[in-house]
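This report covers selected local features of one protein chain. The sequence and structure are shown first.

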Amino acid sequence: SRFNNNERVEIWNKVKSGEIKLVIGARSALLLPFCSLGLIILDEEHDHAVKQQEPAPRYHARDVAVQRATDRNVPLILASATPSLESWHRAQSGEYRLVDMPRRVLNLPMPLVRTIDLRNEATRNKTRFQVTAAGLGLEFAGGIFEPARLNEEIQSPPSNRLTLVAP
């Protein structure tokens, strides 16, 4: 964070005493000693930046947020336009509640999404990862590699956006 050690201690004490009632911060803000915690919002929960790698201690902010919300019995909002696979699975299994955003910011149109099942691609090509060097699937890879071969700009399909589902 951009705070020096003295500022961190001051913030820690003010949060602990309840003098600071609202904190908007980096993933380390989850570790503050809130005296009265009412809500946790983790924006862009899918992003790799919520996963602390260096320096130690290593932790995943999403997992810390889930545990803190559970321990303190407060609501948790995991916000993301593209949720992590773990959060998506938990929403599909009923562990989390999924809230759809029917409109985007500034009423921009939602992209159309098409799923390509890589298992079908592998069946057609006899070998699971023979599909492409990266295992992407012919339909998806064709949109990337063919324009590159022709030295053209890569464009997304005009009518939809492709999303891969791994087998």
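G18 has a positive phi of about 90° and sits just after helix 1. The model is a predicted one. Helix 1 covers residues 5-17. With 13 residues at 1.5 Å a residue, helix 1 should span 18 Å, and its end C-alpha atoms are 18 Å apart, so the two values agree. At the N-terminal end, N4 acts as the cap of helix 1, with a side-chain oxygen 3.0 Å from the backbone nitrogen of N6.

Helix 1 also holds a salt bridge partner pair, K14 and E10. These residues are separated by about one helical turn because they lie four residues apart in the helix. K14 counts as partly exposed because its relative accessibility is 26%, between the limits of 20% and 50%. E10 is partly exposed as well, at 41%.

**Strands**

Strand 1 comprises residues 40-43, and its side chains alternate. I40 and L42 are buried and point to one face, whereas I41 and D43 point to the other face and are not buried. Strand 1 runs parallel to strand 2, and four bridges join them. L78 in strand 2 is the bridge partner of L42.

**Salt bridges**

The count of salt bridges is six. Among them are the following.

| Salt bridge | Closest N to O distance |
|---|---|
| K14 with E10 | 3.0 Å |
| R62 with E86 | 3.8 Å |
| R90 with E95 | 3.8 Å |

The side chains of R62 and E86 meet in a salt bridge. This pair links distant parts of the chain, with R62 in helix 2 (residues 61-72) and E86 in helix 3, 24 residues apart. R62 is buried, with a relative accessible area of 5%, while E86 is partly exposed at 40%. R62 and E86 also belong to a network of salt bridges with E45 and D63.

In the R90 and E95 pair, R90 is partly exposed, with a relative accessible area of 26%. E95 has a relative accessible area of 55%, which means that E95 counts as exposed, the limit being over 50%.

**The loop residue S84**

Where is S84 placed? S84 is in the loop between strand 2 (76-79) and helix 3 (85-92). Is S84 buried or exposed? S84 counts as buried because its relative accessibility is 9%, and the cut-off is under 20%. Apart from neighbours within four places in sequence, S84 is in contact with E45, H46 and R62. Two of these residues, E45 and R62, are in the salt bridge network described above.

Definitions and conventions. Residues numbered from 1 in each chain as written. Predicted model: local features only at pLDDT ≥ 70, side-chain atom pairs only at ≥ 80, totals over all residues. Heavy atoms only, no water. Helix = DSSP H or I, 4+ residues; strand = E, 2+ residues; numbered from the N terminus. Buried < 20%, exposed > 50% of the residue type's maximum accessible area, 1.4 Å probe, protein only. Contact = heavy atoms within 4.5 Å. Expected span 1.5 Å × (residues − 1). Polar contact = N/O pair within 3.5 Å; in protein donor to acceptor, adjacent residues only side chain to side chain. Pairing = 2+ DSSP bridges. Salt bridge = Lys/Arg side-chain N within 4 Å of Asp/Glu carboxyl O.
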